[in-house]
Amino acid sequence: MSGDATMRVEFALNGRPVSLDIDPAERLLDTLRYTLGLTGSKEGCGEGECGACTVYMDGLPVNSCLVPTFQARGRAIETIESIPPESLGAMLASGATQCGACTPGVVMTACWLRKHPELLKTHTAREVMAGNLCRCTGYDGIVDGIRDAMNEKGTA
Ligand code: FES
Ligand code: FES
């Protein structure tokens, strides 16, 4: 959809109310980065493959490059900017980041996993992280960082 028509979209962003008049076809990733100035979420593939754009929608990780912003209406959106810096420590210490392009998405998924450790009863950390691609380091450092962060040695 394109053209001059806009629609009002209201949602919670990192715990604060947001009200925007936007093109209904605009992607949430673009709204976050270019309208709201939250540039932590990155664009990698733009096709839902790499996870660099991961944000939470009502607590669940989603690829914001695939979500039209109007779908955020009435929902709670959380971005990498909502993650406390101390949550990054284990990822950085494990060598899980080099160029950093994937890191925001990796951290979002890893922090979500940390909130849901029960997932490790049925999935490995690698499986949970499969939607976050890293061209630099691969998964070893990432999984190590998750292990350290969760203090769950051997379960990932
Ligand atoms: S940029 Fe969204 S999944 Fe790659
Ligand atoms: S650190 Fe470069 S893509 Fe992951």
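**Notebook: fold order, helix α1 and selected loop residues**

I first read the protein chain along its sequence and recorded the pattern β-β-α-β-β-β-α-α-α-α. The model is a predicted one. I noted 5 helices and 5 strands in the protein chain. For burial, I looked up the whole chain and found that 37% of its 156 residues count as buried. I then turned to contacts between residues at least 6 apart in sequence, of which 59% join residues at least 24 apart.

**Helix α1**

I next examined α1, which spans residues 28-35. Which residues of this helix are buried? I listed Leu28, Leu29, Thr31 and Leu32. I then asked what the buried residues of α1 pack against. The partner is β2, residues 16-22. After the helix I came to Gly37, which has a positive phi, near 75 degrees.

**Positive phi outside glycine**

I looked for residues other than glycine with a positive phi, and I entered two of them here.

Asn14 has a phi near 50 degrees, a positive value, and is not a glycine. I located Asn14 in the loop between β1, residues 7-13, and β2. Is Asn14 buried or partly exposed? I entered Asn14 as partly exposed because it has 17 C-beta neighbours inside 10 Å, whereas a buried residue needs 20 or more.

Asp58 is the other entry: its phi is positive, about 50 degrees, although the residue is not a glycine. I placed Asp58 in the loop that lies between β3, residues 54-57, and β4, residues 60-63. I counted 13 other C-beta atoms within 10 Å of Asp58, and therefore recorded Asp58 as partly exposed. The limit that matters for this residue is the lower one, since a residue is exposed if the count is 12 or fewer.

**Gly40 and its contacts**

I then followed the loop between α1 and β3, where Gly40 is found. Gly40 has 17 C-beta neighbours inside 10 Å, so I classed Gly40 as partly exposed. With which residues is Gly40 in contact, leaving aside its neighbours within four places in sequence? I recorded Thr79, Ile80, Glu81 and Pro104. For one of these, Thr79, I also looked up the separation from Gly40. The two residues are 39 apart in sequence, and their C-alpha atoms are 7.5 Å apart in space.

Note on methods. Residues are numbered from 1 along each chain as its sequence is written. Chains are lettered from A and ligands numbered from 1 in the order in which they are written. This is a predicted model: local features need pLDDT of at least 70, side-chain atom pairs count only at pLDDT 80 or more; totals for chains, interfaces and linings use all residues. Helices (H or I, at least four residues) and strands (E, at least two) are DSSP runs, numbered from the N terminus. Two residues are in contact if their C-beta atoms, placed from the backbone, lie within 7 Å.
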